[in-house]
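Reader: I'm new to this one, and I'd like to learn how to read it feature by feature. Could you walk me through it?

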Amino acid sequence: MIPYKTIILSMSSMFLMNCNVQKQNNKIKVDTNKNQVNQVSKADKTILYFNEGENRFLKEYQMNVTFKGISEDSRCPKDVNCIWAGVAVAKVEVMGTATRPMTLEIATVDNQARNYNASAVFNGYTISLADVQPYPAAVDGAKALKGKYKIGLIITKAGNDPTMK
């Protein structure tokens with residue numbers, strides 16, 4: 001039988017690791033060299049922000065991107081102590097100039113055991129979820145945020161493999 005102290009210690013360490021990941025994700029600096037309000041820089045990568053329901057053609061990537069909504073938001077609310085930090089999953093529809101539309105589900109964490117992917121590959125580009133706002137509050141929770149979400153995506157060249165996933 002596993003001692004309870006071991007279980008509590010392991011769960012506490014998982015909680016602290018998730019908190020550190022969230023803190024690192026929140027350290028975003030505004031790139032003042034860009035004239036666009038919805039772009040910021042994070043470690044030399046541009047974050048493109050989309051409001052829920054927003055559709056935009058990204059000329060530099062030759063793709064149309066639509067933020068359809070959040071399919072899951074189990075992130076731990078503000079001012080609440082949780083065992084697990086939780087996850088938010090964004091539904092993003094992408095379509096290249098010569099491809100059919102494809103809906104990607106991109107999560108705030110990468111956890112293969114729970115089928116969460118923090119990025120997806122489409123038309124030779126890796127699309128990663130960098131930010132999901134606003135953060136749920138303890139009073140209303142994620143249900144009150146429906147229609148008010150804003151996500152930040154980082155799109156980078158996926159390398160030499162231009163396959164679609």
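Reader: Let's begin with charged side chains. Which residue forms a salt bridge with K68?

Author: This is a predicted model, so keep in mind that we are reading a prediction. The partner of K68 is E93, and the closest N and O atoms of the two are 4.0 Å apart. Now look at where the two sit: E93 is in strand β5 and K68 is in strand β4, so this pair, 25 residues apart, links distant parts of the chain. Both ends are partly exposed, E93 with a relative accessible area of 23% and K68 with 46%.

Reader: How many salt bridges does the count come to?

Author: Three. Another one joins the side chains of R56 and E54, at 3.3 Å from N to O. Here R56 is buried, with a relative accessible area of 16%, while E54 counts as partly exposed at 24%. The cut-off helps with reading those values: buried means under 20%, so R56 falls on one side and E54 on the other.

Reader: And R75 and D73, whose side chains also meet in a salt bridge: are they buried or exposed?

Author: R75 is buried, and so is D73. Their salt bridge is 2.8 Å, N to O.

Reader: Let's turn to cysteines. Which residues form a disulfide?

Author: C76 and C82 do, with sulfur atoms 1.9 Å apart. A search of the whole structure finds one disulfide, so you can stop looking after this pair. To read its handedness, check the torsion about the S-S bond: for C76 and C82 that is about 80 degrees, so the disulfide is right-handed. C76 is buried, at 9% relative accessible area.

Reader: Can we step back to the overall layout? How many helices and strands are there?

Author: The chain has one helix and nine strands. Along the sequence, the helix comes before the strands, in the pattern α-β-β-β-β-β-β-β-β-β. Of the 165 residues, 36% count as buried. To see how the fold brings far-off parts together, look at contacts with a separation of 6 or more: residues 24 or more positions apart account for 49% of these. As for the outside, the accessible surface comes to about 10500 Å², and 53% of that belongs to carbon and sulfur atoms.

Reader: Now the interior. Which residues touch the most other members of the largest nonpolar core?

Author: A general idea to start with: in soluble globular proteins, nonpolar side chains tend to be buried together. In this model, the largest nonpolar core has 25 residues, and I127 and I151 touch the most other members. Several strands each supply at least two residues of this core, among them β2 (45-51), β4 (63-73), β5 (88-96) and β9 (150-157). There is also a second, separate core of five residues, which includes V87, V89, A107 and V109.

Reader: What is I127 in contact with, beyond its neighbours within four places in sequence?

Author: Quite a list: M63, V94, L104, I106, A118, S119, A120, F122, L153, I154 and I155. Pick out A120 from that list, since A120 stands opposite I127 in β8. That brings us to strand pairing: β7 and β8 run antiparallel, joined by four bridges.

Reader: Where does the chain turn between those two strands, and what is the phi of N123?

Author: The hairpin of β7 and β8 has two residues between the strands, and N123 there takes a positive phi near 50 degrees. Notice that N123 is not a glycine. N123 is partly exposed, with a relative accessible area of 26%.

Reader: Which other residue has a positive phi although it is not a glycine?

Author: Q62, with a phi of about 50 degrees. Q62 is in the loop between β3 (55-58) and β4, and counts as partly exposed at 38% relative accessibility.

Reader: What does G96 touch, not counting residues up to four places away in sequence?

Author: Both of the residues we just met: G96 touches Q62 and N123, as well as M63 and F122. G96 belongs to strand β5 and counts as buried at 6% relative accessibility. From G96 to Q62 is 34 residues in sequence and 6.0 Å in space, C-alpha to C-alpha.

Reader: One last feature: which peptide bond is cis?

Author: The one from Q133 to P134, with omega near -5 degrees. You'll find P134 in the loop between β8 and β9.

Definitions and conventions. Residues numbered from 1 in each chain as written. Predicted model: local features only at pLDDT ≥ 70, side-chain atom pairs only at ≥ 80, totals over all residues. Heavy atoms only, no water. Core = buried A, V, L, I, M, F, W, Y, C linked by side-chain atoms within 4.5 Å. Buried < 20%, exposed > 50% of the residue type's maximum accessible area, 1.4 Å probe, protein only. Contact = heavy atoms within 4.5 Å. Pairing = 2+ DSSP bridges. Disulfide = S-S within 2.5 Å. Areas by Shrake-Rupley, 256 points an atom, 1.4 Å probe, with all protein chains shown as cover.
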